[in-house]
Amino acid sequence: MTSSSFIRTTFLVLSDTHDIDLDTFTKDAWPAQRDQLPKIDVVWHCGDLTQVGGLSSFKKALKVLGGIDADKKLVIAGNHDLELDQQYWTSYRDEEGNAEDSEDHDEAVAIMKGLTATEAGVSFLDEGTHTYDLQNGAKLALYASPYTPSFGDWAFPYSDTEDRFNTADSTPPSARTMPDHIDIVMIHGPPKGILDSCS
């Protein structure tokens, strides 16, 4: 393949912004104002938009992402984005033993996939393979997953005996596998055995 067959593509990778507000984002993260950032082909937000979920926090995160000039803004949940994990949210009990409001999950997903996200130019990705044709002519295939090794009482956990991110030829048949022919793996937590422990 010659170098002329490659298309220059720019990326901005974000993660763990945990309720960052617009003023902090523009003044602390980048000294230059947001409108002075160059146009980016793809923004990835790899989870933890919020500190502990909250519908207003998801809206605030979308507002921040909406201020970035990019062709694609791809977002996954992280373990702090509690309401976005239906299994976690419907099984979670508060300190009094009451189940969390199940409608909050539906509302959070509606925020992340609805009009607010569309107006911000954000695509919220479920676990799986996604393909995109970029405005610059590049094609992108990615595998996205919000799951992380189980740690504490957070959302999107998987057990330490589960292998979620390896290809079928490198894992036993019982393991979850990623498809072949992926350009990018977009995950919130590390793959099994690679910086995946907390002390």
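Start by selecting Gly128 and Ala144: Ala144, in strand E6, is the bridge partner of Gly128. Keep in mind as you click around that this is a predicted model.

**Stop 1: the hairpin**

Now widen the selection to residues 128-133, which are strand E5, and residues 139-145, which are strand E6. The two run in the antiparallel sense and pair over 6 bridges. Together E5 and E6 make a hairpin, with 5 residues between them. Click on Gly137 while you're there: this glycine sits in the turn and has a positive phi of about 100°.

Next, add residues 184-187, strand E11. What order do the strands of this open sheet take? The 3 strands line up as E5-E6-E11, and the pairing is mixed. E5 and E11 stand at the edges with a single partner strand each, so one side of each has no neighbour in the sheet. Look along the sheet and you can follow the twist, which averages 30° from one strand to the next.

**Stop 2: the other sheet**

Hide that and select residues 11-14 (strand E1) and 122-124 (strand E4). These are the edge strands of an open sheet of 4 strands, and each of them pairs on one side only. Fill in the middle and you get the order E1-E2-E3-E4, with parallel pairing. In this sheet the twist averages 20° from one strand to the next.

For a closer look, zoom in on E1 and strand E2, residues 40-45. They pair in the parallel sense over 4 bridges. Pick Val13 and look across to E2: its bridge partner there is Trp44. If you show side chains, here is a handy thing to know: in a regular strand they alternate between the two faces of the sheet.

**Stop 3: a helix across the sheet**

Keep the 4 strands on screen and add helix H2, residues 55-66. H2 lies across E1, E2, E3 and E4. Strand E3 is residues 70-75, and H2 runs at about 155° to E3.

Now bring in helix H4, residues 102-113. How do H2 and H4 sit relative to each other? Their axes come within 10 Å and cross at roughly 10°, which makes H2 roughly parallel to H4. To see who does the touching, show Leu55, Phe58, Lys59 and Leu62 on H2. On the H4 side, show Asp104, Glu107, Ala108, Ile111 and Met112. Colour the contact by class and you'll find 6 nonpolar residues, 3 charged ones and no polar ones.

**Stop 4: Gly47 and its neighbours**

Select Gly47, in the loop between E2 and H2. Is Gly47 buried or exposed? Its relative accessibility is 0%, so Gly47 counts as buried. Leaving out residues up to four places away in sequence, Gly47 touches Ser15, Asp16, Ile76, Ala77, Gly78, Asp81 and His188.

Take Asp16 from that list and draw a distance between the C-alpha atoms: Gly47 and Asp16 are separated by 6.0 Å, though they lie 31 residues apart along the chain. Asp16 is in the loop between E1 and helix H1, which is residues 22-29. With 38% relative accessibility, Asp16 counts as partly exposed.

**Stop 5: two backbone oddities**

Stay on Asp16 and check its backbone. Most residues other than glycine have a negative phi. Asp16, not a glycine, has a positive phi of about 55°. Then jump to Phe156, which also has a positive phi of about 55° without being a glycine. Where is Phe156? Look in the loop between strand E7 (148-149) and strand E8 (157-158). Phe156 counts as buried, because its relative accessibility is 6%.

**Last stop: zoom out**

Show the whole chain again. Its secondary structure comes to 5 helices and 11 strands. Of its 199 residues, 42% count as buried. Switch on a surface and you're looking at an accessible area of about 11,100 Å², with 49% of that belonging to carbon and sulfur atoms. And among contacts between residues at least 6 apart in sequence, 69% join residues at least 24 apart.

Definitions and conventions:
Residues are numbered from 1 along each chain as its sequence is written. This is a predicted model: local features need pLDDT of at least 70, side-chain atom pairs count only at pLDDT 80 or more; totals for chains, interfaces and linings use all residues. Side-chain values use heavy atoms; hydrogens and water are left out. Buried means under 20% relative accessible area, exposed over 50%, partly exposed in between (1.4 Å probe, protein chains only). Contact means heavy atoms within 4.5 Å. Accessible areas come from the Shrake-Rupley method with a 1.4 Å probe; for residues, only the protein chains shown count as cover. Axes are lines fitted to C-alpha atoms, for helices over the stretch in contact, and angles run from 0 to 180 degrees between N-to-C directions. Angles under 35 degrees count as roughly parallel, over 145 as roughly antiparallel, 65 to 115 as roughly perpendicular and the rest as oblique. Ala, Val, Leu, Ile, Met, Phe, Trp, Tyr, Cys and Pro count as nonpolar, Asp, Glu, Lys and Arg as charged, and the others, Gly among them, as polar. Two strands pair if DSSP finds at least two bridges between them.
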